[in-house]
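This report concerns one helix, the helix it packs against, and an aromatic pair in which it takes part. The structure is shown first.

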Amino acid sequence: MKKSILLFCVIAASLPAFAEIKMPAIFGDNMVLQRGKPACIWGKSDAKSKIEVQFGSNKAHAKADKDGNWKLYLKPMKADKNAKQLKVFENGKEEKSFNNVLVGEVWVLSGQSNMEYPVSGWNPKNPDAENVKKRANYPLMRSIKLVGCSARGPQSDVISASKGWRVTTPECVLSYSAVGFNFAEIIMKDIDVPVAIIDTSLGGSKMCAWIPSEYMNKDEYLAPQYKNFLKALEAYDYKKALETYNADMKKYTENVKAGKKLRRPRQPLPDSPYSQQATFSGLYNARISPIGGYTARGVLWYQGESDSNLKAEQFTSQLEKIVDSWRALWNDKSLWFLQVQLTSFETSANWPEARKGQFDAAKSIKNCGIVNIIDLGDKKDIHPLNKKDVGKRLANLALRKVYKKKAPNFNTSYASCKFDGSKATLKLDRECSNEKVSLEGEMRGIEVKVDGKWVAPKSAKLQGNKLVVSADSKIEGVRYLWKNWANDDVCLFNSSKVPVFPFIFETK
């Protein structure tokens, strides 16, 4: 008997040890795979293991490297509303499976609080929440919210995937990104395929947090700031910062009990002297790196409030770094980026510069677009309630530019200005030259630059689609809606009743 036991132990010890296959949280029940592109699947297993992934009749194989890492691609598929199981085999043995998987359109959401803003709203006056809840029984719409604090290096997985992939129901939809839901609803119904939204957004986040470290020195504005961050990081004493925080929290709690309204102290991060929203590369490492490669159609980007101190060219440059680095991570030069331009808001920051930076980036980057929402702002609230129209405008932009469908045009802009003494003539962008621009109410929001100062024009009128502006002396510049709070001055609209983009033109 003892010999038999000994022989069993020897045989068992000689057999290969099978570790459970590990895959990032982006893979789960109810997920959607992108149609029309090779679907990237990856994970970790035993070293040198033979991996096979099956999705219906679609199969792909890979061999894990010496560290157990593997990646493979399923062949491009057509959209499929019929749920299937995705199975993962290691050395011929089924080790993992995901249920209720569809094939359709996948979009990554990112940016700051106006993208994160949920259907339920952070404002009890939100008028659309109950309407959404009543109709949001959509088996073909899926959503996942990824959570990850700032990280110093690229992570292989997120800290949390909230509740994982969710099928859209009235019970869960209130926690969805409001912009994301309204976008997905229109896309799903119009092109009649499953739609998935992957929400990575975080309120208050700056662009530098979404850019990988290797891109910092490629930006002349970021490079010196990144150098200062590294110096601060080297001198950072987390233990001391935590002691200070605990003392401040004690005082804060005592003051709150006494009825005083104070700002809550910021809890320090273990590996950064900055907040997670401002830590260089932190959110890229924690939220984007773990999903980089999950095949998608594109990114919806709504950010800019936290970077509205930048000059337009600085803003554009950083946004270009985000697009370049994310496309490199996804290994997809065609990955779409559709962004939302900042709306109107009464603030001391320089939102017109940020809007121009956003607009210029959209025009300079291939497969990039932008929607104008300058008429949807709230003078006193940086989080305006109307997210329905934001999602709608993004969806129509996607339908026109990405899916080549007929949809209202939300991209009317003046692209050139001819200066002729005391007169200036502006022409529309060639892409929207057939649009009909109309004036609602009196002409307003237009200024001319004369003798170095911005003043009201002598006249401003539409001649067909041309905008002709005159002054009493030589015009050095023309601008429209060049102010933080601009709602009251919006007067030029296209045939879809969407405002013409704000603009500024100056002589050299």
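Which residue follows α8, and what is the sign of its phi? In this predicted model, the residue after α8 is Asn 331, with a positive phi near 55°.

## Helix α8

Helix α8 covers residues 312-330, 19 residues in total. At 1.5 Å a residue, a span of 27 Å is expected, and the C-alpha atoms at its ends are 27 Å apart, so expectation and model agree.

## Packing of α8 against α9

Two packed helices are described by the distance between their axes and the angle between them. For α8 and helix α9 (residues 351-364), the axes come within 7 Å and cross at roughly 45°. Because angles of 35 to 65 degrees fall outside the parallel and perpendicular classes, α8 is oblique to α9. The crossing of α8 and α9 is right-handed.

On the α8 side, the contact involves Ala 312, Phe 315, Thr 316, Leu 319 and Glu 320. These meet residues of α9 including Glu 353, Ala 354, Lys 356, Gly 357 and Asp 360. By class, the contact of α8 with α9 has 5 nonpolar, 4 polar and 4 charged residues.

## An aromatic pair involving α8

With ring centres required to lie within 6.5 Å, the count comes to 20 aromatic pairs. One of them joins Trp 210 and Trp 326: the ring centres are 6.2 Å apart and the planes stand at 65°, so the pair is edge-to-face.

Trp 326 belongs to helix α8, while Trp 210 lies in the loop between β10 (195-199) and α5 (222-234). The pair therefore ties together parts that are 116 residues apart in sequence.

Definitions and conventions: Residues are numbered from 1 along each chain as its sequence is written. This is a predicted model: local features need pLDDT of at least 70, side-chain atom pairs count only at pLDDT 80 or more; totals for chains, interfaces and linings use all residues. Side-chain values use heavy atoms; hydrogens and water are left out. Helices (H or I, at least four residues) and strands (E, at least two) are DSSP runs, numbered from the N terminus. The expected span of a helix is 1.5 Å times one less than its number of residues. Axes are lines fitted to C-alpha atoms, for helices over the stretch in contact, and angles run from 0 to 180 degrees between N-to-C directions. Angles under 35 degrees count as roughly parallel, over 145 as roughly antiparallel, 65 to 115 as roughly perpendicular and the rest as oblique. A crossing is left-handed if the near helix is turned anticlockwise from the far one by less than a right angle, and right-handed if clockwise. Contact means heavy atoms within 4.5 Å. Ala, Val, Leu, Ile, Met, Phe, Trp, Tyr, Cys and Pro count as nonpolar, Asp, Glu, Lys and Arg as charged, and the others, Gly among them, as polar. Rings of Phe, Tyr and Trp (its six-membered ring) pair if their centres lie within 6.5 Å; planes under 30 degrees apart count as stacked, over 60 as edge-to-face and the rest as tilted.
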